[in-house]
Amino acid sequence: MEDINSLLRENIRNLVPYSSARDEYKGEEAIFLDANENPYNSPFNRYPDPLQMKLKKRIASIKGVPVERIFLGNGSDEAIDLLFRAFCEPGRDNAVSIKPTYGMYKVCADINHVGYRESLLTEDFQVNTRHLLSLADQQSKLVFICTPNNPTSNILSLEDILYLVENFDGLVIVDEAYMDFSGGPSMIGNLQQYNNLVILQTFSKAWGMAGIRLGMAFADPMVIKTMNRIKYPYNVNILTQRTALDNLQDLTYRDFWVNQILEQRSYLQQQLENMPGVKKIFHSDANFLMVRFDDPRRVFQYLMDQKIIVRDRSKVPLCEGCLRITVGTPAENAALLGALKQMSK
Ligand SMILES: *Cc1c(COP(=O)(O)O)cnc(C)c1O
C-alpha cells in the first residue's frame, strides 16, 4: 500500500496525544518528582513504562522483529479495538471478516458502530477470497483473518491470505493466537514486504499467561506508532510487564507445554474416534478439538453436570452439532473421556 496515513480517520491523523510524565523523561535512576506519585511503597508506587521497552526488547529478540514493529496491549483484544478506533469512522466505515471466527472482531465493530461483513468459509473451512473481496468497498478499512481459525481449529491457506494482503486496499489483520500449536510458519516474516499486514499474537495460549492480559501486534512502524498514540498511556501495568519478563527468561516451559498439549490432542482425537455418539472430529492445528456429536446438547449438559465445561458451538454456521473442547492436562482429558464413556453406557 502506498500510504497507511491516508487510511486513518481524520481526527486520529490530527490528534495531539496525551503526553505523560514518563513520556517526557525516560531515564532511570533519578529523583522522580514529576508524576505526583507516592514516594513510598516501592515498586508499586511508580507508573509503568508506557512503551514497555524492556519487555519489547526481549520479545523483539525472541520473535526476530524490531521494537518499532511491536505493540503490546491488555490482551490482543486491546489491539483489535484500537485498530477499529484508528481506522474506521463510526457510522461510515466497515470491516470484512470470515465466518465462523473469533467473536471479538464483530463485538468491537458493533461497539465502535462500524459495519461488519462476513464471508462464509468453504465446506473445508478455507477462505473464499473472491467472495470476501467482493464484500469490500471504498469504506472497507480492515479485513480480519484468524489462522488457525477459532472455532474451526484449522490453518487457513497462506497463499489465500497473501492474495488478500495484495488485493485489499486496507489493513489485513491476521490473528495467530494459536499458531504455536500448528507447526506452521508465522506470517511475521512477511511484514517487511507488506505495510498493510498486521499480525496478532498473544501470551494467553501457548505461553500460559491468559491471566496477566498481554497481547502483541506486529505491523508497519506507522501502524504501531498510531496504536501507541491512541492507547491508554499506561495500558500494560507493572505486574504484567514484570511477570512476562520473568516468564520469558526460560522458553523451555512453553515448548514443553506445547508438546504435552499436542501429544494429548492426538490422544484425545484417537480416543474420541471410537466413542459412540461422536460423528466427526475435525483436523486441529490448535489446542482444541471441534467435535461433531449426534446429540450435542445432551453431551454438553451431561458434561456440565459432571462439572466438565466445554463450549457449545452447535448453532454456529458450518459447525452444526459441534462442541469445542480445549485440550487439558492428562488427568483432565481422562476425566472427560471417562465421563463420555459413562454417558454412552
Ligand atoms: C484466545 C484468543 C485470543 C487471545 O485474546 P487475548 O485478549 O490476548 O487473551 C485472540 N484471538 C483468538 C482468535 C483467540 O481465540
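The lining of the largest pocket in this predicted model is made up, by class, of 10 nonpolar, 4 polar and 10 charged residues. These belong to a lining of 24 residues, among which Glu28, Tyr47, Pro48, Asp49 and Lys54 lie nearest the centre of the pocket, and the volume they border is about 920 Å³. Helices H2 (21-24), H3 (53-63) and H9 (238-247) each supply at least two residues of this lining, with the largest share, 4 residues, coming from H9.

The second largest pocket holds about 780 Å³ of space, and of the 35 residues that line it, Asn150, Tyr178, Arg311, Arg324 and Thr326 are the closest to its centre. Its lining divides into 18 nonpolar, 9 polar and 8 charged residues, and the elements that each supply at least two of them include strand E2 (94-99), strand E3 (115-120) and helix H10 (252-273).

Tyr178 appears again around the ligand, where it is listed with Ser76, Thr202, Ser204 and Lys205 as the closest of the 13 surrounding residues; this shell comprises 4 nonpolar, 5 polar and 4 charged residues. A polar side-chain atom of Ser204 lies 2.6 Å from an oxygen atom of the ligand, while an N or O atom in the side chain of Asp175 is 2.7 Å from a ligand nitrogen, and a backbone N or O atom of Asp77 lies 3.3 Å from a ligand oxygen. Of the 390 Å² that the ligand exposes when taken alone, the protein buries 93%.

Elsewhere in the chain, strands E8 (residues 278-281) and E9 (residues 288-293) pair in the antiparallel sense over 3 bridges, forming a hairpin with 6 residues between them, in which Val278 stands opposite Phe293 of E9.

Notes. Residues numbered from 1 in each chain as written. Predicted model: local features only at pLDDT ≥ 70, side-chain atom pairs only at ≥ 80, totals over all residues. Heavy atoms only, no water. Pairing = 2+ DSSP bridges. Near = heavy atom within 4 Å. Polar contact = N/O pair within 3.5 Å; in protein donor to acceptor, adjacent residues only side chain to side chain. Areas by Shrake-Rupley, 256 points an atom, 1.4 Å probe, with all protein chains shown as cover. Nonpolar A, V, L, I, M, F, W, Y, C, P; charged D, E, K, R; others polar. 1 Å grid on protein atoms, 1.4 Å probe; cavity = no way out; pocket = protein on both sides within 12 Å on 5 of 7 lines; lining within 4 Å. Points joined across faces, edges and corners; volume = space filled by probe spheres on them.
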